[in-house]
Amino acid sequence: MHSEIRILLAGDQTISREGIQRILESESDMAIVGTVETSLEVIPQVRAKNPDVLVLDLKWHGDDEAMDDVIAQLRRDYPKIAIVCLTVYEHLIPRAKAAGATCAATKDISKNEVLGLVRAAYASVSPDVGPGELEKARSALEHLHSLEKGNMMISLP
Amino acid sequence: MGNAPISVLLANLPDIYLTGISNLLLNVEHSPFRIVGSTSLDNVMERVRELRPHLLLVGLPRKGVDVEGMIIERAEKAMVGIRKQFREVVIAVFAIPGVEEYQEALAITKKAEVEDVLSLEMGGAELACCLRQLFEQRTEVYKQCLRDLPIGDGKGYESFAEEVLPLLFKPHFSRFRSQVRRGSGDRLDFVCRNEGQHSFCKTILRAHGARYVVFETKNEAMPKVAHLRQLAAFLTPATTGRFGILLVRQPPRQLQTLFKRLGDLLRDDKKMIIVLYDDDVLEMLDMRMRLLEPMSHLEERYDYYMMHM
């Protein structure tokens, strides 16, 4: 795989944004290139930072639909960026996938699942990743998810 | 900012929130918080018993995870149990505002006497401010409780001390045990271990071999010779060490008489007893609220006794 996955992090909730940032930046193969706290800044920041992966919250300030158009536009204008959606609300996961997100999950997934999700999403769009790498990343994540207890919802790339 | 932190135990929080809350609390400007651990619901009672945190923050599951309501039931049971056994621990639950879980969290607050429902949408400074306020409110409650406690209510005074002593002296004194029976038939009100880190802890360890500290509570207006004699008899070099603290409500009219009696009783055995009154406890609670170290007050009282005995 590529030496470092460049990640842009976007969400309006400080606690979860801080948690995701700390989880991702503790990994040697990941680098946070920026954080976005307002929904209007998501696309301009993607343009400015050109990340490999955008980790995106789905509900912003109570609005379920806040990211639908953003995801669709990003998918259209930046097809090489993987979009990983994390949300508290399960019902938003199919919606994010339909809009064009690479993968999506609820925020109660484990730290290792967060990392697996980002790596698998990156593998699905990166030209640097060999043909078998995506399958490997997906299998690893599926295995990990099957080991976790509870009803966390996860939608793979 | 003081040097006595507010200890926080986190329970039942998913990794993202656990990491986020921990980092926000530790990195807030002049952070008064110390995260002492994180735990699942299964072990929360044991962890509270072991760590005696000032604040316990519990995450409630969302409906998608807790399809049969089992987790919320366990969370509620755990919090009710902790509230019964460890009244000094402030409990707050995290929930997402505007959804069903939040309403459920509000219902639990009543059953388990949980102090507050916190929002997972809070910012770091707001969260820190809320937690600080919860801690201060609890300390204020204890101050009022002592002022309202009538002289003569021995059980009430013991219960008060059981909750307040860990709040004041942990982590320097740890493993508080109440009503400790010894082979001799003596029953000590409270015994705790001297961890030996604070300068005062080192002093009493060196001067009195105090690996443990014995507290006796007497809800009486003034200390009596019989109280001092009883506590002095409990202090033995082979077991507790030779340092004890007597809690009574008010100082005697003649302090010099107290010092003389203490001197006569203790001088030859390298034993030492400090007597603390309501004013001392209120002062220490006030210090704790301002995140200052109540152990410094104890040290001051010790020095004063040493000079006057």
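**Exercise 1. A residue of chain A**

In which helix of chain A is Val42(A) found? Determine also whether Val42(A) is buried or exposed.

*Solution.* The model is predicted: local features need pLDDT of at least 70, side-chain atom pairs count only at pLDDT 80 or more, and totals for chains, interfaces and linings use all residues. Residues are numbered from 1 along each chain as its sequence is written, while chains are lettered from A and ligands numbered from 1 in the order in which they are written.

Step 1. Val42(A) belongs to helix H2 of chain A. Helices (H or I, at least four residues) and strands (E, at least two) are DSSP runs, numbered from the N terminus.

Step 2. A residue is buried if 20 or more other C-beta atoms lie within 10 Å of its own, exposed if 12 or fewer, and partly exposed in between, with C-beta atoms placed from the backbone. Val42(A) has 24 C-beta neighbours inside 10 Å and therefore counts as buried.

Step 3. Two residues are in contact if their C-beta atoms, placed from the backbone, lie within 7 Å. Neighbours within four places in sequence being left aside, Val42(A) is in contact with Ala10(A), Val36(A) and Val70(A).

Step 4. Leu8(A) stands 34 residues from Val42(A) along the chain, and the two C-alpha atoms are separated by 9.1 Å.

**Exercise 2. One face of a helix**

Identify the buried residues of helix H3 (residues 68-77) of chain A and state where they lie on the helix.

*Solution.* Step 1. Val70(A), Ile71(A) and Leu74(A) are the buried residues of H3(A).

Step 2. Viewed down the axis of H3(A), these buried residues fall within an arc of 95 degrees, so they line one face of the helix. The arc is that of the directions from the helix axis to the C-beta atoms. An α-helix has 3.6 residues a turn, so residues three or four places apart point the same way.

Step 3. Asp69(A) and Arg76(A), on the other side of H3(A), are exposed.

Step 4. The partners against which the buried residues of H3(A) pack are helix H2 (42-49), strand S3 (53-57), strand S4 (82-87) and helix H4 (92-99) of chain A.

**Exercise 3. Two helices that cross**

Describe how helix H1 (residues 14-25) and helix H5 (residues 111-125) of chain A are arranged.

*Solution.* Step 1. The axes of H1(A) and H5(A) come within 10 Å and cross at roughly 70 degrees. Axes are lines fitted to C-alpha atoms, for helices over the stretch in contact, and angles run from 0 to 180 degrees between N-to-C directions.

Step 2. H1(A) and H5(A) are therefore roughly perpendicular to each other. Angles under 35 degrees count as roughly parallel, over 145 as roughly antiparallel, 65 to 115 as roughly perpendicular and the rest as oblique.

Step 3. From H1(A), Ile20(A), Ile23(A) and Leu24(A) meet Lys111(A), Val114(A), Leu115(A) and Val118(A) of H5(A). By class, this contact has six nonpolar, no polar and one charged residues. Ala, Val, Leu, Ile, Met, Phe, Trp, Tyr, Cys and Pro count as nonpolar, Asp, Glu, Lys and Arg as charged, and the others, Gly among them, as polar.

**Exercise 4. The parallel sheet of chain B**

Give the strand order of the open sheet with parallel pairing in chain B, and place the helices that pack on it.

*Solution.* Step 1. The order of the five strands is S2-S1-S3-S4-S5 (chain B). Two strands pair if DSSP finds at least two bridges between them.

Step 2. Strand S2 (33-39) and strand S5 (116-119) of chain B are the edge strands, each pairing on one side only. From one strand to the next the twist averages 25 degrees.

Step 3. Strand S1 (residues 6-11) and strand S3 (residues 55-59) of chain B pair in the parallel sense over four bridges. Leu9(B) has Leu56(B) in S3(B) as its bridge partner.

Step 4. H1(B) packs on the sheet and touches S1, S2 and S3 of chain B, its direction making about 165 degrees with that of S2(B). Helix H2 (residues 44-51) of chain B lies across S1, S2 and S3 of chain B, at about 145 degrees to S2(B).

**Exercise 5. The contact between the chains**

How many residues does each chain bring to the contact?

*Solution.* Step 1. Chain B provides 20 residues and chain A provides 22 residues.

Step 2. On the side of chain B, the largest share, eight residues, comes from helix H1 (residues 15-27) of chain B. The residues of that side divide into 10 nonpolar, seven polar and three charged.
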